[in-house]
Structures are given as structure tokens and as C-alpha cells.
Amino acid sequence: MSDGTWAVHASLDVSYRVAETDDVLSPENDALARAARTAPGDRRLVVVDETVLADRSGEITGYFRARGVTPTVLALPGGEQTKVLASVERIAEAADSVALSRRDPIVAIGGGVLTDMVGLAAGLYRRGTPYVRIPTTLIGLVDAAVGVKTAVNFHGHKNRLGSFHAASDTLLDRRFLRTLSTRHITNGLAEIVKMGVIADVELFDLLDTHAERLVDGRLDGPEGRRVIRLAVGSMLAELEPNLWEHDLRRAVDFGHTFSPALEMAAQPGMLHGEAVSVDMALSCALAVGQGLQTADEALRVLALLRRVGLPVRHEHCTVPFLLAALQEATRHRGGEQNLPLPIGIGKCFFAAGVTEAELRRASALLHRLLDGTGAVA
């Protein structure tokens, strides 16, 4: 430009693959080797949740060595307390120790906390290094490991520091679920219920029909496979048109307005999905108050959450706490509340201008619904 001003326009082309596979660490399964682009003589950094490594150490190292690849394994603890920048630095230091090139994928094997941290480290390392995710928890399979967001907690806030950096491949192996505790199954089911309530009636009905069997069987069998496929498909359908969150009205934020503050305030005792469940319960009460959902529809959601073992209220959720959480969510959403509320079951509405009085009424209504005293008014 003649006035010394230049305008630069560029676009970022992103493609990545999410694929089901069985026995991903079996020597006969080449899916991970293809995703990690291994060849004899290569070295790879493999970051593993320490609990997973305790059970699978031999399988992990054996898989790579069978292909002539030298794995450097970094074990990290899971849990929100470890989801900090110091962990990201440890991953970067390990990448340096392996002398990774800019095209050598890092392999992440673990839950959503670990895959988030590895994704952030990969995005920062050499300004962008590929990585492969193998989620080992239900919440990782259906939520944390299928999008492009990476993050760590900072300054007492959930996921305050983060970036968008897509894994080249995410390999979903349901067999990891067989060794999960019941609590971690229910933790992941919160994100599946979320997608059913705001996007997929078939998914909600499947959950409603088979809730106890899905928990007891750790989503094994045809119903479990169908539930996971619908949940992942619904999640990706919502994410794909808006990967970079240019539009801050996001249906997948249902259950994520009050829960970030609750999850951090209730540490170390509360899991992510448990906080999301409490948020969804309150959001359903708000939806009833706004005429978007009937009391019977809200009760179906609340009953399902309870049947799979999730909490639907918490002592921290006073009206002042909820108001502060809503204000923080509003800042995160660019100054607009964009509060996702269900329309019946299977659709979503974005509320604006929710007041302290509405929060008070919704909180009171939720208690009446849960305690069986009924009245909506």
C-alpha cells in the first residue's frame, strides 16, 4: 500500500482423523504405527498417564520395538492438579531429549487431562509439532480428544491458557474402558448425556433405555458402540463448522457455563463430568423457567443423570456463586452470555440477559423438582 499499510489475508486448512480401532496396542494392529509415521530406526516420544503405564508398560514399549522404533516414555500423573504449565514444560524437555524433528509426532496415551497437555506442548514445540491421541477414558473418547482445543489451568481458572492445535489422528479403543472405575464411566457419560439433550434425540433415548446396562457393562456391546458413535458424531458435527470458535454461540457449551468455576472450587474431589452434570441440571431448570422445556422433560434429564450415578446439585452452587460463574463465562464468550439451554430434548437455545433473580428462581425450582414437590411456579 502507498501509505505504508499492508493487509494480510490467510486461511488455515485443517484436517484430522478420528477412527475407532480395537486393541490399538496389539502387535497385529498397524493403526498407531501409521498414525505415528514410524519406520525402523525412528525414535518417538510417548507421553503416558502413569496409571495407564502401570498396566500397559510392556505393551506400549513392545509395540514400538516390534517395529524397530525406539520409544522414549514419559509418565505423567493425571488429575486437574497436574494440568499446569510445568507439565507442559516437562513434555517439551522430553521432546528435546529425544531430539524430535518438526515432523515427528508425539504420541499421547491417557485421559483428557493428559491429551490436553500434550496437545498444548505439541502446538508450542517448534511452533507446531504433530501429535497422535489415544484416549483411555470415556470422557477422552467422546469429548476431550475429538476436538482441536488444548489447554492447562492457570491462576485458579479452568483451561485459562490454551490454543487450537489438532492432533493428526485420534484412535478410539473402547477396550480401555474395561478397566475404568464406575465413577470414571459416569464422568464420561455426562458429556454423552449433554450431546443427547442438546443435539440428538436418538442418543438420549438410547441412554434412557440402557442407562444402567451401559454403566455396568462399561459401554461394551452393540448399545455401547452405538452410543459412542452417536456421541462422537454429534460432537464433531457441532465442532467442525466452528473449530476456531469464531461464533461463540456453541451448543457444546451446554453444561459448561457454571461448571468450570464449580470444578475448580470443588477440587480435588470433583471430576469434570460431575461438575458438568450439576450445570446441566441447573440449566434445565432455567430452560423450564423460560418456557423452553417442560417440567416433565427436565425431570427426564435429571432422572437420567441420577440413574448413571451423576450429581445434580452441589453445596457450592449458591446464587452469588452462580452469578459470578455466569459473569466469568460471559467474559469468555466475548461479553455475551450465550447460555445454551435445551429446547425440549434434542435442540438448543442461546439465552441472553439471564438475571440474578432468574438464577434464584431456577435454583429453587431445581430443588423442588429433585425433592418431588413438583410445582413449577
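The second largest pocket in this predicted model has a volume of about 290 Å³. Of the 18 residues lining this pocket, Asp13, Val14, Ser15, His165 and Ala166 sit closest to its centre. A pocket here is an open set of points on a 1 Å grid over the protein atoms alone, where a 1.4 Å probe fits, with protein on both sides within 12 Å along at least five of seven lines; lining residues have an atom within 4 Å of a point. The volume is the space filled by probe spheres set on the points, which are joined across faces, edges and corners.

**Ground rules**
- Residues are numbered from 1 along each chain, and side-chain values use heavy atoms, leaving out hydrogens and water.
- Local features need pLDDT of at least 70 and side-chain atom pairs pLDDT 80 or more, while totals for chains, interfaces and linings use all residues.

**Core**
- The largest nonpolar core (buried Ala, Val, Leu, Ile, Met, Phe, Trp, Tyr and Cys residues joined through side-chain atoms within 4.5 Å) has 78 residues.
- Helix α10 (residues 272-289) gives this core its largest share, eleven residues; helices are DSSP runs of H or I, at least four residues, numbered from the N terminus.
- Leu207, among the residues with the most contacts inside the core, touches Leu189 and Leu304, among others beyond four places away in sequence; contact means heavy atoms within 4.5 Å.

**Ser363**
- Ser363 is found in helix α13 (residues 356-371).
- Ser363 is buried, at 14% relative accessible area (buried means under 20%, with a 1.4 Å probe and protein chains only).
- Leaving aside residues up to four places away in sequence, Ser363 touches Leu282 and Cys317.

Definitions and conventions:
Helices (H or I, at least four residues) and strands (E, at least two) are DSSP runs, numbered from the N terminus. Buried means under 20% relative accessible area, exposed over 50%, partly exposed in between (1.4 Å probe, protein chains only).
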